[in-house]
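Hi,

Here is the structure I promised to pass on. Have a look at it first, and my notes follow underneath.

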Amino acid sequence: MNNSISGFSKLSKEEKINWIANEYFANPSEAIATIKQYWNSDAKLQQLHDEFIENTISNFYLPMGIAPNFLINDKYYSVPMVIEESSVVAAAAKSAKFWSTRGGFKATVLNTEKIGQVHFLFKGDSSKLEIFFNTIKDNLIASTESITKNMQKRGGGITSLELRNKTAELENYFQLHATFETKDSMGANFINSCLEQLAKSLKEEAQNYSDFNENEKEIAVVMSILSNYVPNCIVRAEVSCKVEDLAEKKIENPQEFAEKFVQAVRIAEIEPFRAVTHNKGIMNGVDAVVLATGNDFRAVEAGVHAYASRHGQYSSLSHAKIENGIFTFWTEIPLALGTVGGLTSLHPLVKMAFEILGKPSAQELMQIVAVTGLAQNFAALRSLTTTGIQEGHMKMHINNILNQFQTTAEELKIIKTHFENNSISHASVVEFIEKLRK
Ligand code: MEV
């Protein structure tokens, strides 16, 4: 079957749905009903969601949960999390509660620099290009004034502009490497607009530069775009307490626990296979808050993992130590986040998430997100180094399995009681349900 179509984007929403339903489903009316089941009954609200992207046919729900009791820099937060994986929110909440009685989380924004580049080709004498750049640098920056005016009022703008010679790696390749302060916005649009203006002015200035020969006047701009690698936009989150204070129901020997925990972190520091999963656990927390606050989780993911490889080998984003009887666990991660612009003032649930968080600044949000990542990592390592991950995970996951089987309330009671004292796996739950139903 040839499932191609031209002019799909020009079809109405109904027509698009009909085409999909007829093309891919044996029972088109059932498919249409499923797609429409997720529409919002409030037509205006539905239209808002339709217009976030293109070719919208429906809404894809993800659960939004709350992890309360996060004590961060002596202030309590209830953290909204959007994620599909069971046990993540529970783990965050458990970690938050645990650390709230041990001094809470400390978080600090170390720096907030964003980066953008104009990538261009220059066929000529690089020393002449350097002189040219230094001569026109102020003009380049001045040419962005209409774009930067408002950002400057908020204390942001272009903070530096450099010419970088990359010809050793790629013939004729140079960059304008710019850094930005974007205050409470993530800044992608602002940065890209500035870069496109810089590129335009660069070309124009070259055309009018009398010391360039005809070849040198033809600067070829390849592209102008922000970088999602932000190694100077770092937030640090930390917890610490006396080793003996780690004691609780499941941590009977805190010294042994702390040592094993530190060992688990060391393994993630030197072993990339483990580091990826270790960091995935951090991102369970990070992404969930990034999503709930309408931020760009792909940008965050890309930047964080690049940062995890900055020394040439992928490594742990968190670290732990025991010194003078004190256990310390911390992370430093790059986070380019916004609390204004983008979806932040459009999506009603994102707006609610910001209300719940007390309308944080971008820097405060960086702290909350990093802390949630650290909390998640703590919960995962605590389980992994004590009971194993499956115990807690399967306890949460059991609901998903039971939903698949559409269990009755009565069955549910029997199943839950049985699995309080029996080990849970997908197979054991399925087997038990089948036995029960016989
Ligand atoms: C599962 O989503 C995350 C973990 O695998 C993280 C880890 O192994 O540290 C539990």
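To start with one side chain: is Phe-212 buried or exposed? Phe-212 counts as buried, because its relative accessibility is 4% and the cut-off for buried is under 20%. Do keep in mind that this is a predicted model.

Phe-212 has a ring partner, Phe-132, and that residue is buried too, at 1% relative accessibility. The structure holds 22 aromatic pairs. In the pair of Phe-132 and Phe-212, the ring centres are 4.8 Å apart and the planes sit at 50 degrees, so the pair is tilted. What I like here is the sequence separation: Phe-132 belongs to helix H5 (residues 126-142), Phe-212 to the loop between helix H7 (188-207) and helix H8 (214-217), and the two are 80 residues apart.

Another pair to look at is Phe-329 with Phe-378. Their centres are 6.3 Å apart and their planes are at 50 degrees, so this pair is tilted as well. It also links distant parts of the chain, with Phe-329 in strand E10 (residues 326-334) and Phe-378 in helix H13, 49 residues apart. Both Phe-329 and Phe-378 are buried. They belong to a cluster linked by ring pairs, whose other members are Phe-98, Trp-99, Phe-257, Phe-261 and Phe-327.

Now for the ligand. The shell around it includes Arg-274, Thr-277, His-278 and Gly-281, along with Ala-380, Leu-384 and Ile-389. By type, the shell divides into three nonpolar, four polar and three charged residues. Helix H10 (272-292) gives the largest share, six residues, and helix H13 (362-385) supplies at least two. So H13 turns up in both stories: Phe-378 lies in it, and it helps to form the shell.

Three side chains have an N or O atom close to a ligand oxygen. For Glu-85 the distance is 2.6 Å, for Lys-280 it is 2.6 Å, and for Asn-284 it is 2.9 Å. On its own the ligand exposes 300 Å², of which the protein buries 85%.

Last, the cysteines. How many disulfides are there? The count comes to zero. Cys-194, for one, is in no disulfide, and the nearest cysteine sulfur, on Cys-233, is 16 Å away. Cys-194 is buried, with a relative accessible area of 0%, and Cys-241 is buried at 8%.

Cheers

Key. Residues numbered from 1 in each chain as written. Predicted model: local features only at pLDDT ≥ 70, side-chain atom pairs only at ≥ 80, totals over all residues. Heavy atoms only, no water. Near = heavy atom within 4 Å. Polar contact = N/O pair within 3.5 Å; in protein donor to acceptor, adjacent residues only side chain to side chain. Areas by Shrake-Rupley, 256 points an atom, 1.4 Å probe, with all protein chains shown as cover. Helix = DSSP H or I, 4+ residues; strand = E, 2+ residues; numbered from the N terminus. Nonpolar A, V, L, I, M, F, W, Y, C, P; charged D, E, K, R; others polar. Disulfide = S-S within 2.5 Å. Buried < 20%, exposed > 50% of the residue type's maximum accessible area, 1.4 Å probe, protein only. Phe/Tyr/Trp six-rings, centres within 6.5 Å; stacked < 30°, edge-to-face > 60°.
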